[in-house]
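Here are some worked exercises to help you find your way around a new model. Try each task on your own before you read its solution.

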There are 2 protein chains.
Amino acid sequence: MAASTLAEVAKLAGVSQATASRVLNGSARKPAEGIAERVRAAAASLGYVANAQAQALAKSSTGLIGLIVHDIADPYFSAIAQGVQAAARQEHRMVLLATTDGTPASEKDAVMAFAGRRAESIILAGSRSTRREDAGANAELAVELDRYCRNGGRVGTLGQPVAGLTETGSVHTVEIPNEALARELALALARDHEGPFVIVGGPEGLATSDDRIGGFQQGLAAAGRPAAEVVHTGFNRNGGFDAGDGIAGKITAAGAPRPCIFACNDVMAIGVAAALREHGLKAPRDAALAGFDDIEWLRDFRPSLSTVGLPLEDLGRLVTLGAISGEAGPSAVEGAVVLRHSTSTLV
Amino acid sequence: MAASTLAEVAKLAGVSQATASRVLNGSARKPAEGIAERVRAAAASLGYVANAQAQALAKSSTGLIGLIVHDIADPYFSAIAQGVQAAARQEHRMVLLATTDGTPASEKDAVMAFAGRRAESIILAGSRSTRREDAGANAELAVELDRYCRNGGRVGTLGQPVAGLTETGSVHTVEIPNEALARELALALARDHEGPFVIVGGPEGLATSDDRIGGFQQGLAAAGRPAAEVVHTGFNRNGGFDAGDGIAGKITAAGAPRPCIFACNDVMAIGVAAALREHGLKAPRDAALAGFDDIEWLRDFRPSLSTVGLPLEDLGRLVTLGAISGEAGPSAVEGAVVLRHSTSTLV
DNA sequence: CTGTTAGCGCCTTCAG
DNA sequence: CTGAAGGCGCTAACAG
């Protein structure tokens, strides 16, 4: 990576580095237009491209923002990433991307890598884990983030804040009202649905999943319904498929009532639908089915999926702008229950 | 971003910077274990995190790889990004992400930004444009990439190489056999399908789309069929929807034969299916429908979509490894026609 | 095996 | 308004 340097440009233009720097890279004081023109010509003829690393070192500001997601191929995260990218571009920042396996341990690694690169802010897009076995790694993650903040870094979190953080002054969290929305969804479904409820959630200890499960149960209780059975599985399409496979067996049992299945995200709901289909069952005829997120790519699925709409791209944009501007504290975003055909009673 | 520095660590440990550097950051020669321990202790107590910017400047190698996609929220690109990310992590690189609007002009901007950051390789994941009006921007893009290569950068391209590049020695292209596969698809469909063919493609001049259209027409010709009518529209879901809307009108016309619609990518095919549905039509009953890419998230769509499977994640992985290793020239990847229900004749 | 000395490319006071 | 000098944090040749 041996490009031409400012020194070369300056020499060619017959001026000092300082002058060349002032004309080429934004400086408060603009040199005389005659000189400026010479410098620009020299730069162009050499194909000069300022070394951002060196600039970053000199003014200790990198213009980098780090984005940590569980899986960039998951439409939930890629929609968020789109928003992050849009905000970053608008603010003249570049985004560094890291995907993790979802464990706080690998998130810690990503944070350290970003800290090493001196990213100005770090966005944690994935759900927090509250599993007992992750407690240690979570603590280490918090330590790393605290250190990062103490050194001047900003942190943006989506959904839940990171537990154990002390430098909360530089953390911006965009709260996703998972619990409240799941509660609303349950109330809406309880209105039309007679039979028992089943919740298909992610692994226990995945905060987003747990919040949605909890909220849904609250809603059921508020509607005077018994608590739903909860199936814990992978927080993805295949998890949903596995759970759906098991549920299908119960549905086909003689005399079983038609259940209402709440999958904790849309992708899982699709998995459930696929499993039901394999058993010759389909929503809403044999079971009502709802998801969460309202993933854009899934809107053309049939039966159209009842779900909770979340402005994913905005989420990414908001958390990024919040982190960049250094606004501490939480901001919030709105979602909305969307009832479609998969929970219809007009079969 | 004022973290503690190597100098501070060295002072605290009572050694020279060089020694501290040798123990903390990988060096060929390892200092005595006693000293090393002191240095590590000092680093830990200070929470030292090496400044990658400074390291990059000193050894002129950044460990950065730049990824340029049209739209990270598009499952086609996010699957590729996943592969790129995986390869990057394996090779201890970080990925910088840029999304463009798909025009060569904005791609040029991204290349310049990456060049400024001294990324060691740049991956261009999106289709090239051959539109007349993009000729100028394409040329500028080529100039920028050439300069980047001349300065030691590596370029990885997916699908088609960038036109007008002279520094081909440092460009690695993973070719996607769009034309051949589309041809195969046409042959397979012509076998079962009697009626006329319609192609729903992206805007004219989008290389990937044009290649698929061309290949499909070749296949039809080889099967002794008349050329298909081609509808040009947006290379995305909504484009497919618009085209499908128009086609639906013709299908419902009295006495019209059942057409076979080839949408140049899966997402467009979904749009077509949605539009047909709005007109009370559905595949395969009223029209056969095929896509391209075999996007994972769409496999649960019904009718299941006939398409051409592409190993998207591998594509990302391959182009990244190729670009990192500096292997010049093209490598290739295989795809396969997958016939599913949407083109079934057993209605 | 350790420490010293130069830079890497740029920005930014400070003089002139 | 311009030029000279020092420093950002680190690595890599040298010397000891």
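**Exercise 1.** Decide whether Ser344(A) counts as buried or exposed, and find which residues Ser344(A) touches beyond its sequence neighbours.

*Solution.*
- Step 1: Keep in mind that this is a predicted model.
- Step 2: Locate the residue. Ser344(A) sits in the segment that follows strand 12 (336–338) of chain A.
- Step 3: Apply the cut-off. Buried means under 20% relative accessible area. Ser344(A) has 13% relative accessibility and therefore counts as buried.
- Step 4: Look for partners, leaving out residues up to four places away in sequence. Ser344(A) touches Arg258(A) and Pro284(A).

**Exercise 2.** Describe how helix 2 and helix 3 of chain B are placed relative to each other, and list the residues that make their contact.

*Solution.*
- Step 1: Two packed helices are described by the angle between their axes and the distance between the axes.
- Step 2: Take both values for this pair. The axes of helix 2 (residues 17–24) and helix 3 (residues 33–46) of chain B come within 9 Å, and they cross at roughly 85°.
- Step 3: Classify the angle. Values of 65 to 115 degrees count as roughly perpendicular, so helix 2 of chain B and helix 3 of chain B are roughly perpendicular to each other.
- Step 4: Collect the contact residues. Helix 2 of chain B contributes Thr19(B), Ala20(B), Val23(B) and Leu24(B), while helix 3 of chain B contributes Ile35(B), Ala36(B), Val39(B), Arg40(B) and Ala43(B).
- Step 5: Sort these residues by type. The contact of helix 2 with helix 3 of chain B has 7 nonpolar residues, 1 polar and 1 charged.

**Exercise 3.** Compare two residues of helix 1 of chain B, Val9(B) and Glu8(B): what is the accessibility of Val9(B), and what is that of Glu8(B)?

*Solution.*
- Step 1: Place them. Val9(B) belongs to helix 1 (residues 6–13) of chain B, and Glu8(B) is in helix 1 of chain B too.
- Step 2: Read the accessibilities. Val9(B) has a relative accessible area of 0% and is buried, whereas Glu8(B), with 35%, is partly exposed.
- Step 3: See what surrounds Val9(B). Beyond neighbours within four places in sequence, Val9(B) is in contact with Leu24(B), Val39(B), Ala42(B), Ala43(B), Leu46(B) and Tyr48(B).
- Step 4: Add distances between C-alpha atoms. Glu8(B) and Tyr48(B) are 40 residues apart along the chain and 9.0 Å apart in space. For Val9(B) and Gly291(B), 282 residues apart along the chain, the separation is 59 Å.

**Exercise 4.** Examine the backbone at four places: the bond from Arg302(A) to Pro303(A), the bond joining Ala283(B) and Pro284(B), His92(B) and Arg118(B).

*Solution.*
- Step 1: Recall the usual case. Most residues other than glycine have a negative phi, and most peptide bonds are trans.
- Step 2: Check the bond in chain A. Going from Arg302(A) to Pro303(A), the peptide bond is cis, with omega near 5°. Pro303(A) is in the loop between strand 9 (288–290) and strand 10 (307–309) of chain A.
- Step 3: Check the bond in chain B. Ala283(B) and Pro284(B) are joined by a cis peptide bond with omega about 0°. Pro284(B) is in the loop between helix 11 (266–278) and strand 9 (288–290) of chain B.
- Step 4: Turn to His92(B). Its phi is positive, near 55°. His92(B) lies in the loop between helix 5 (75–90) and strand 2 (94–99) of chain B, and at 71% relative accessibility His92(B) counts as exposed.
- Step 5: Finish with Arg118(B). Phi of Arg118(B) is positive as well, near 60°. The loop between helix 6 (104–116) and strand 3 (121–124) of chain B holds Arg118(B), and at 8% relative accessibility Arg118(B) counts as buried.

**Exercise 5.** Work out what kind of axis relates chain A and chain B.

*Solution.*
- Step 1: Superpose the copies. A turn of 180° with a shift of 0.0 Å along the axis lays chain A on chain B, with an RMSD of 0.1 Å.
- Step 2: Name the relation. This is what a two-fold axis does.
- Step 3: Find the C-alpha of chain A nearest the axis. That atom belongs to Leu96(A), 2.2 Å from the axis.
- Step 4: Compare the contact surfaces. Both copies use the same surface, as 100% of the contact residues of chain A recur in chain B.

Key:
Residues numbered from 1 in each chain as written. Chains lettered and ligands numbered in written order. Predicted model: local features only at pLDDT ≥ 70, side-chain atom pairs only at ≥ 80, totals over all residues. Heavy atoms only, no water. Axes fitted to C-alpha atoms, helices over the stretch in contact; angles between N-to-C directions. Helix = DSSP H or I, 4+ residues; strand = E, 2+ residues; numbered from the N terminus. Parallel < 35°, antiparallel > 145°, perpendicular 65-115°, else oblique. Contact = heavy atoms within 4.5 Å. Nonpolar A, V, L, I, M, F, W, Y, C, P; charged D, E, K, R; others polar. Buried < 20%, exposed > 50% of the residue type's maximum accessible area, 1.4 Å probe, protein only. Least-squares fit on C-alpha atoms with pLDDT ≥ 70 in both.
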